[in-house]
Amino acid sequence: MERLKLGRSGLEVSRLCFGGNVFGWTIDEDTSFEILDYFIKAGGNFIDTADVYSKWATGNQGGESEIILGLFKT
């Protein structure tokens, strides 16, 4: 997968950014890891996340997707 320089940071990110807002609340941990595995194997390394994505949904506190990302091991 093609990579682009991220500003002047010295980082290179995949052209495709994966939206991680569904991890841990609309899809379970195992499915989240499976999707992340495919994304990494395809050359992705850029995941969009924010701890407010699921906060509006009843029963969520926010940060559900970040917990999944923190548990993920490549």
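1. Order of elements. Read from the N terminus, the protein chain of this predicted model follows the order β-β-β-α-β-α. The protein chain thus contains four strands and two helices. A student may wish to trace this order, β-β-β-α-β-α, along the structure before turning to single residues.

2. Overall dimensions and burial. Taken along the principal axes, the box filled by the C-alpha atoms of the protein chain is roughly 40 × 25 × 15 Å. The protein chain has 74 residues, and 23% of them count as buried. The area that the protein chain exposes is about 5,200 Å², with 54% of it supplied by carbon and sulfur atoms.

3. Contacts along the sequence. Consider the contacts in the protein chain with a separation of 6 or more: 55% of them are accounted for by residues 24 or more positions apart.

4. Three residues of one helix. Helix α1 covers residues 29-41. Ser32 lies in this helix, Glu34 is found there, and Lys41 also belongs to helix α1. The points below take these residues in turn.

5. Ser32. Is Ser32 buried or exposed? Ser32 counts as buried because its relative accessibility is 0%, and the cut-off for a buried residue is under 20%. Which residues does Ser32 touch, leaving aside its neighbours within four places in sequence? Ser32 is in contact with Phe23, Gly24, Ile27 and Ile68.

6. Glu34 and the negative patch. Glu34 has a relative accessibility of 44% and therefore counts as partly exposed, since that class lies between the limits of 20% and 50%. On the surface, Glu34 gathers with Asp28, Glu29, Asp30 and Asp37 in a patch of negative charge.

7. Lys41. The relative accessibility of Lys41 is 71%, so this residue counts as exposed; the cut-off for that class is over 50%. How far apart in space are Lys41 and Ile27, C-alpha to C-alpha? The distance is 20 Å, and the two residues are 14 residues apart in sequence. Ile27 also appears among the contacts of Ser32.

8. Charge over the whole chain. The side chains of the protein chain include 11 negative and 7 positive ones. The centres of these two sets lie 11 Å apart. This count for the protein chain may be read alongside the surface patch of negative charge, whose members include Asp28 and Asp37.

9. Summary of helix α1. Relative accessibility places Ser32 in the buried class, Glu34 in the partly exposed class and Lys41 in the exposed class.

Note on methods
Residues are numbered from 1 along each chain as its sequence is written. This is a predicted model: local features need pLDDT of at least 70, side-chain atom pairs count only at pLDDT 80 or more; totals for chains, interfaces and linings use all residues. Side-chain values use heavy atoms; hydrogens and water are left out. Buried means under 20% relative accessible area, exposed over 50%, partly exposed in between (1.4 Å probe, protein chains only). Patches are made of residues with over 30% relative accessible area and no salt bridge: like charges are joined within 9 Å, nonpolar side chains (Val, Leu, Ile, Met, Phe, Trp, Tyr) within 5 Å. Accessible areas come from the Shrake-Rupley method with a 1.4 Å probe; for residues, only the protein chains shown count as cover. A salt bridge is a side-chain nitrogen of Lys or Arg within 4 Å of a carboxyl oxygen of Asp or Glu. Lys and Arg count as positive and Asp and Glu as negative; His and the chain ends are not counted. The place of a charge is taken as NZ of Lys, CZ of Arg, CG of Asp or CD of Glu. Contact means heavy atoms within 4.5 Å.
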